[in-house]
Amino acid sequence: MVTFTGRAREMVLNFMDQTGEELSALRIRATGGSPVAPSFELTLVGPSERAETDVEFDIQGFVVVADPASAEKLDGATVDFVDRLNGSGFEIIPAQPSRLGDPAARAARGELADRVTLILDEQVNPSIAAHGGQINLVDVQGTEVYMEMTGGCQGCAMSRMTLRQGVERMIREHVPEVTAIHDVTDHTAGTNPYFSH
């Protein structure tokens, strides 16, 4: 099930009113991103653009349609409409993924996740704790790892450099099997600890 905030629902209904009767549903399609931070495309569609295999969600006043793979990624997500300095638009916040810090989840991920988590726990997080930050391993897909920054690292202007020059270097040195490291942090939700008004 996908949830719409009041603002997002109002905007969809406004767009539908502007198009008339022909566009009667909102299609949400997963277009890529990472396993823990997928990206989506939203379009208004008419009856002829709906497929028998589509999953449908009734959202007070309109219908959302999605192909089965996209619907799976939407499960538990919230759709919002946000205004930011660089523009406004719809934002889909996926359901929170389970953290590998949970012993049951960690056991299911295997040795690679354990080795990366050990580097984070013993070398990375103690050094960034002074800034109130922490980096967590969120997921492992093959030899690619997905990390999320929290606390003082979320929204920090130096976060990219911290990840690329510090964290990535340490992980590749100790766990050479890792082929890619992805930052799935929503940095727009954090604050920059080095910036003052």
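Trainee: I would like to begin with strand β5. How many of its five residues are buried?

Mentor: Four of the five residues in β5 are buried, and the strand is mostly covered. Keep in mind as we go that this is a predicted model. A general idea helps when you look along any strand: in a regular strand, the side chains alternate between the two faces of the sheet.

Trainee: Which strand pairs with β5, and in which sense?

Mentor: When you read a pairing, look for the partner, the direction and the bridges. Here β4 and β5 run antiparallel to each other, with five bridges between them. I59 is the residue that stands opposite F62 of β5.

Trainee: And what joins β4 and β5?

Mentor: The two strands make a hairpin, with two residues between them. Look at G61 in that turn: its phi is positive, about 110°.

Trainee: Let me pick one residue of the strand. Which residues does V64 contact beyond its neighbours within four places in sequence?

Mentor: With those neighbours set aside, V64 is in contact with F4, L26, I28, V55, E56, F57 and I59.

Trainee: Then how do I read the nonpolar core? Which residues have the most contacts inside the largest one?

Mentor: Start with the members, then ask which elements supply them. The largest nonpolar core has 21 residues, and V2, F4, I28, F62, V64 and L74 have the most contacts inside it. Two or more residues each come from α1, β2 (25-33), β4 (55-59), β5 (62-66), α2 and β6 (78-84). Helix α1 gives the largest share, four residues. Apart from this core lies another, of 19 residues, including L112, I135, M149 and I181.

Trainee: Let us turn to a polar residue. Is S70 buried or exposed?

Mentor: Relative accessibility is the value to read here. S70 counts as buried because its value is 2%, under the 20% cut-off. S70 sits in helix α2, residues 68-74. Its side chain has a polar contact of 2.8 Å with the side chain of D67. Not counting residues up to four places away in sequence, S70 touches I28, R29, A30 and F40.

Trainee: How does R7 read in the same way? Which side chain does the side chain of R7 meet in a polar contact?

Mentor: That partner is the side chain of D83, at 3.3 Å. R7 belongs to helix α1, residues 6-19, and is partly exposed, with a relative accessible area of 34%. Beyond its neighbours within four places in sequence, R7 contacts D80, F81 and D83. You can also compare sequence separation with distance in space: R7 and F90 are 83 residues apart along the chain, and their C-alpha atoms are separated by 9.7 Å.

Trainee: Where does P94 lie?

Mentor: P94 is in the loop between β7 (87-93) and α3 (103-109). With a relative accessibility of 23%, P94 counts as partly exposed. Its C-alpha atom is 7.5 Å from that of K73, which is 21 residues away along the chain.

Trainee: Finally, what should I read for the whole chain?

Mentor: Take the elements, then burial, contacts and surface. The protein chain has five helices and ten strands, and buried residues make up 38% of its 197 residues. Among contacts with a separation of 6 or more, 56% are between residues 24 or more positions apart. The accessible surface comes to about 10,900 Å², and carbon and sulfur atoms hold 51% of that area.

Notes:
Residues are numbered from 1 along each chain as its sequence is written. This is a predicted model: local features need pLDDT of at least 70, side-chain atom pairs count only at pLDDT 80 or more; totals for chains, interfaces and linings use all residues. Side-chain values use heavy atoms; hydrogens and water are left out. Buried means under 20% relative accessible area, exposed over 50%, partly exposed in between (1.4 Å probe, protein chains only). A polar contact is a pair of N or O atoms within 3.5 Å; within protein, one must be able to donate a hydrogen and the other to accept it, and residues adjacent in sequence count only if both atoms are side-chain atoms. Contact means heavy atoms within 4.5 Å. Accessible areas come from the Shrake-Rupley method with a 1.4 Å probe; for residues, only the protein chains shown count as cover. A nonpolar core is a set of buried Ala, Val, Leu, Ile, Met, Phe, Trp, Tyr and Cys residues joined through side-chain atoms within 4.5 Å. Two strands pair if DSSP finds at least two bridges between them.
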